[in-house]
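Hello,

Here is the structure I promised to pass on to you. My notes on what turned up in it follow below.

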Amino acid sequence: MLIISSTLFLTYAIQQLYSVFLQFPSIQTDTRELKKDDLFFALKGPNFNGNKFAKQALEGSAAYVIIDEEVDFTDERLIKVEDS
């Protein structure tokens with residue numbers, strides 16, 4: 001575990017992330033489409049930033065949320081990667 005600016009993140013290597021995927025093989029990038037135990041990947045584009053929906057995804061039914069920016073809350077189900 002890594003503490004960055006008082007926020008708890010699990011920092012995963014690709015092999016660790018793959019082992020999580022094997023347990024939860026359903027992926028979503030849209031919180032409106034989440035189903036129980038999906039992995040939510042917080043994607044970014046010119047007009048959206050999925051990192052802003054990380055908390056919503058966890059409050060929904062996501063098993064884990066994969067982010068690439070710092071968020072303002074703590075949860076053991078956050079997985080921080082270099083680039084989601």
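Let me start with a residue in a loop: Lys35 counts as partly exposed because its relative accessibility is 47%. (Buried means under 20% relative accessible area, exposed over 50%, and partly exposed in between, with a 1.4 Å probe and protein chains only.) Lys35 sits in the loop between E3 and E4. Leaving out residues up to four places away in sequence, Lys35 touches Gln28 and Ser61, where contact means heavy atoms within 4.5 Å. Lys35 and Ala63 are 28 residues apart in sequence, and their C-alpha atoms are 9.4 Å apart in space.

Before the rest, a word on how to read this. It is a predicted model, in which local features need pLDDT of at least 70 and side-chain atom pairs count only at pLDDT 80 or more, while totals for chains, interfaces and linings use all residues. Residues are numbered from 1 along each chain as its sequence is written, and side-chain values use heavy atoms, with hydrogens and water left out.

Now the overall layout. The chain has two helices and eight strands, and from the N terminus the order of elements is β-β-α-β-β-β-β-α-β-β. Helices (H or I, at least four residues) and strands (E, at least two) are DSSP runs, numbered from the N terminus. Of the 84 residues in the chain, 40% are buried. Taking contacts between residues at least 6 apart in sequence, 42% join residues at least 24 apart.

The same loop as Lys35 has another residue to look at. Asp37 lies between strand E3 (27-28) and E4, and has a positive phi of about 65° although it is not a glycine. Most residues other than glycine have a negative phi. Asp37 is partly exposed, because its relative accessible area is 32%.

Next comes strand E7, which pairs on two sides. Strand E4 (residues 39-41) runs parallel to E7 and is joined to it by three bridges, with Phe40 having Val65 as its bridge partner in E7. E7 and E8 also pair in the parallel sense, over three bridges; here Ile67 has Lys80 as its partner in E8. Two strands pair if DSSP finds at least two bridges between them. Both faces of E7 are covered, with Tyr64 and Ile66 buried on one side and Val65 and Ile67 buried on the other.

Which residue would I look at after E7? My choice is Asp68, in the loop between strand E7 (64-67) and strand E8 (78-80). Asp68 counts as buried because its relative accessibility is 11%. Its side chain makes a polar contact with the side chain of Asn51 at 2.9 Å, and a polar atom of that Asp68 side chain lies 3.1 Å from the backbone nitrogen of Ser84. (A polar contact is a pair of N or O atoms within 3.5 Å; within protein, one must be able to donate a hydrogen and the other to accept it, and residues adjacent in sequence count only if both atoms are side-chain atoms.) Setting aside neighbours within four places in sequence, Asp68 is in contact with Ala42, Lys44, Asn51, Lys80, Val81, Glu82, Asp83 and Ser84.

Glu70 lies in the loop between E7 and E8 too. Glu70 counts as partly exposed because its relative accessibility is 40%. From Glu70 to Lys80 the C-alpha distance is 8.2 Å, with their positions 10 residues apart in sequence counted as a separation. Lys55, in helix H2 (residues 54-59), counts as partly exposed at 43% relative accessibility, and the C-alpha atoms of Lys55 and Val71 are separated by 8.6 Å.

Finally, the largest pocket. Its volume is about 180 Å³, and its lining consists of Thr29, Asp30, Thr31, Arg32, Phe40, Leu43, Phe48, Gly50 and Phe53. That lining divides into four nonpolar, three polar and two charged residues. Here a pocket is an open set of points on a 1 Å grid over the protein atoms alone, where a 1.4 Å probe fits, with protein on both sides within 12 Å along at least five of seven lines; lining residues have an atom within 4 Å of a point. Grid points are joined across faces, edges and corners, and a volume is the space filled by probe spheres set on the points. Ala, Val, Leu, Ile, Met, Phe, Trp, Tyr, Cys and Pro count as nonpolar, Asp, Glu, Lys and Arg as charged, and the others, Gly among them, as polar.

Best wishes
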